[in-house]
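Okay, thanks for coming, everyone. I'd like to walk you through a few spots in a structure that's new to most of you, so let's get it up on the screen.

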Amino acid sequence: MAVRPVVITGDPVLHTRARPVEVIDDEVRELVADMFETMDAARGVGLAAPQVGVGLRVFTWQLANDDGIPPRGVVINPYLTSSKPLAGDPDPDEEVEGCLSVPGEAFPLRRGETATLTGLALDGTELRYEATGWFARMLQHEYDHLNGFLYVDRLGGKWAKKAKKAVKANGWGVPGGSWMPGEDRDPFGHDDDTPEEERAD
């Protein structure tokens, strides 16, 4: 297992639809092991393969929930459906997201309150989960990554403008940017006591 660099917005792999996994082989199992290692080093609650530069339809998570879903897991070739977000502006205190590929930034975004995830486990068996609340939010965030979208692409109004300014101010939006969890300074200031719902994915 190894920690891999997390690529930053602007790299083409983050803005391209990921490819389905054809065969769950040793290469895929090694990728998943490295993703768990990277997610843990970054203190994230989720990580999609494109975030470590691999354009495959895989994501991992580490997030407690009340839905009976394993708090730590991986899904391969997922399909996700979610409820429609409620009308209105997101709550700037309760609906804030962050992303390891937009390091150190966080903006309000309204998501669907429920989500249904299907796909394959690492052993090739089929899985199906019904999620609510923050777990549903995390699933939607990671699934977006596999379709070439970051959460900042979904922002509206003043939050979209603020995100664009932040990307420009940090010199992102171009290929080649990355940071190394466990070596570089934690861009979100996470520590072991940071609640899961305040961590990025």
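**A glycine, a helix and a glutamine**

Let's start with Gly 55: leaving out residues up to four places away in sequence, it touches Val 13, Ala 18 and Arg 19. Keep in mind that this is a predicted model. Gly 55 sits in the loop between β2 and β3. So is Gly 55 buried or exposed? Its relative accessibility is 14%, so it counts as buried. Its C-alpha atom is 9.4 Å from that of Gly 148, although the two are 93 residues apart along the chain.

Next up, helix α1, which covers residues 26-42. With 17 residues at 1.5 Å each, α1 should span 24 Å, and its end C-alpha atoms are indeed 24 Å apart, so the two agree. At the start of the helix, a side-chain oxygen of Asp 25 comes to within 3.2 Å of the backbone nitrogen of Glu 27. Just after α1 you get Arg 43, with a positive phi near 55°.

Which residues of α1 are buried? Among them are Val 28, Leu 31, Phe 36 and Met 39, and also the polar-named Asp 34 and Thr 38. Their cover includes strands β1, β2, β3, β4 and β9.

Last stop: Gln 140, in helix α2, residues 133-146. Gln 140 has a relative accessible area of 7%, so this one is buried too. Its side chain makes a polar contact of 3.5 Å with the side chain of Ser 82. Beyond its neighbours within four places in sequence, Gln 140 is in contact with residues including Leu 80, Arg 111 and Thr 114.

Key. Residues are numbered from 1 along each chain as its sequence is written. This is a predicted model: local features need pLDDT of at least 70, side-chain atom pairs count only at pLDDT 80 or more; totals for chains, interfaces and linings use all residues. Side-chain values use heavy atoms; hydrogens and water are left out. Helices (H or I, at least four residues) and strands (E, at least two) are DSSP runs, numbered from the N terminus. Buried means under 20% relative accessible area, exposed over 50%, partly exposed in between (1.4 Å probe, protein chains only). A polar contact is a pair of N or O atoms within 3.5 Å; within protein, one must be able to donate a hydrogen and the other to accept it, and residues adjacent in sequence count only if both atoms are side-chain atoms. Contact means heavy atoms within 4.5 Å. The expected span of a helix is 1.5 Å times one less than its number of residues.
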